[in-house]
Amino acid sequence: MPSASLSRPPLPAWLWLVAFGLAAINLRAPIVVIGPVLDPIMSTLSIGAGTASLFTTGMILCFGLLSPLAPGFADRVGLDRAIACAITLIAIGGVLRGIESLTVMLLGTLCAGMGIAFGNVFMPSLVKRDRGDRLGRTMGLYTVMMGVGATISAGSAIPLMNLSGSWSTPIWLWAAFGIGSAIVWWRVALSLAPAEAAATHRPPMSRLFRSPVAWTLTLFMGAQSLSFYTLQTWVPAVAIQAGVPVATAGIMLSLINLTSIPGSYIVARLASRLTHHSLLIVGLCSLVGLALFGRPRMVKLGDD
């Protein structure tokens, strides 16, 4: 990933934080907004659960297939411009995902998925470049802003749909937010002299294919992403089918994201101070598994 040139003028702290927060919000909110309105989307498009799952799996495929291309792209255009491009792709994808056409929505899913896949790679690099001395604190802020965006997105989707009479409204509002965020990032990127790309000495991809550690991390991150986005997409739909009111189902998803905000900040700060993270990861994954195991039982008790 390119490093900043010594002559690169620093951004004012407040502007850096604003741009950073906007980018972080765009990596979660445009995805989460689909879950609460998935049922009316399926009804409008006359599709079943299998086809609707493409809105989730399309994102996961983008993460797995396109993320390796991100470092090379940032090397060519500069990290700031690369982030601006990623947010622009997310905004375009959001616009397309609000159009009542399965083909167009899937195209928007791939477009937004590419932008988010790139953004997931760029943002930690941005923190390392500009806030390396405050790594734990800034990564904690990063996860908090993603949680805030996801919480607002989930909680507001149903009220906005009911107010406007269209499930496209909350999706397009977050697309508009993405457009505004992209404008901020383009102004930032174009106002700075491009950072000189440092000589990079990455190992060839063939070496990664032979690395057990690389495969283990890939499988873990893929499973983590699959579980997160599946949860965000299907919790409201499953709750509605179990008899939960539509508005309440959206609030349930919002609460999931709300409760993750303090936890994600604490874990990010804790992880920055630990040498080994295995026990922390096992403990957190166990909590998620326990919660998912208990959810169907809670639904059955509610039915009784």
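## Overall fold

Read from start to end, the chain follows the pattern α-α-α-α-α-α-α-α-α-α-α-α-α-α. That gives 14 helices and zero strands, where helices (H or I, at least four residues) and strands (E, at least two) are DSSP runs numbered from the N terminus.

A word on the ground rules: this is a predicted model, in which local features need pLDDT of at least 70, side-chain atom pairs count only at pLDDT 80 or more, and totals for chains, interfaces and linings use all residues. Residues are numbered from 1 along each chain as its sequence is written, and side-chain values use heavy atoms, with hydrogens and water left out.

Of the 304 residues in the chain, 40% are buried. Here buried means under 20% relative accessible area, exposed means over 50%, and partly exposed lies in between (1.4 Å probe, protein chains only).

## The nonpolar core

In soluble globular proteins, nonpolar side chains tend to be buried together. The largest nonpolar core in this model has 35 residues, and the members that touch the most others are Ile83, Ile116, Phe122, Met123, Leu126 and Trp185. Such a core is a set of buried Ala, Val, Leu, Ile, Met, Phe, Trp, Tyr and Cys residues joined through side-chain atoms within 4.5 Å.

Several helices contribute: H1, helix H5 (54-66), H6, H7, H8, helix H9 (135-164) and H10 each supply at least two residues of this core. Helix H8 gives the largest share, with eight residues.

## Aromatic pairs

Let us turn to the rings. A search of the whole structure finds five aromatic pairs. Rings of Phe, Tyr and Trp (its six-membered ring) count as a pair if their centres lie within 6.5 Å; planes under 30 degrees apart are stacked, over 60 edge-to-face, and the rest tilted. One of the pairs is Trp16 with Phe20, which is stacked, at 4.7 Å centre to centre and 15° between the planes. These two residues are separated by about one helical turn because they are four residues apart in helix H1 (residues 13-26). Trp16 and Phe20 are both buried. Another of the pairs joins Phe73 and Phe118, with ring centres 5.9 Å apart and planes at 50°, so this pair is tilted. It links distant parts of the chain, as Phe73 is in helix H6 (residues 70-77) and Phe118 in helix H8 (residues 102-130), 45 residues apart. Phe73 is partly exposed at 21% relative accessibility, whereas Phe118 is buried at 6%.

Trp16 and Phe20 also belong to one aromatic cluster with Tyr142. In addition, the charged end of Arg131 sits over the ring of Trp16, 4.1 Å from its centre. For this contact, NZ of Lys or CZ of Arg must be within 6 Å of the ring centre and within 35 degrees of the ring normal.

## Salt bridges

How many salt bridges does the model hold? The count comes to three, with a salt bridge taken as a side-chain nitrogen of Lys or Arg within 4 Å of a carboxyl oxygen of Asp or Glu. Asp80 and Arg129 form one of them, their closest N and O atoms being 3.1 Å apart. This bridge connects distant parts of the chain, from Asp80 in helix H7 (residues 79-97) to Arg129 in helix H8, 49 residues apart. Asp80 is buried at 8% relative accessibility, and Arg129 is buried at 18%.

Arg129 also meets Asp130 in a salt bridge (2.7 Å, N to O), and Asp130 is buried as well. Asp80, Arg129 and Asp130 are thus linked in a network of salt bridges. Arg134 and Asp133 form a salt bridge too, with the closest N and O atoms 3.4 Å apart. Here Arg134 is partly exposed at 35% relative accessible area, and Asp133 is exposed at 64%.

## Surface features

Val95, Ile99, Trp172, Ile179 and Ile183 form a nonpolar patch on the surface, with about 420 Å² of accessible area together. Patches are made of residues with over 30% relative accessible area and no salt bridge; like charges are joined within 9 Å, and nonpolar side chains (Val, Leu, Ile, Met, Phe, Trp, Tyr) within 5 Å. Areas come from the Shrake-Rupley method with a 1.4 Å probe, and for residues only the protein chains shown count as cover. Helix H10 (residues 168-191) supplies the largest share of the patch, three residues. Ile179 lies in this helix and is partly exposed, with a relative accessible area of 40%.

Finally, a backbone detail: phi of Ser46 is near 55°, a positive value in a residue other than glycine. Ser46 lies in the loop between helix H3 (38-45) and helix H4 (49-52), and Ser46 is exposed at 66% relative accessibility.
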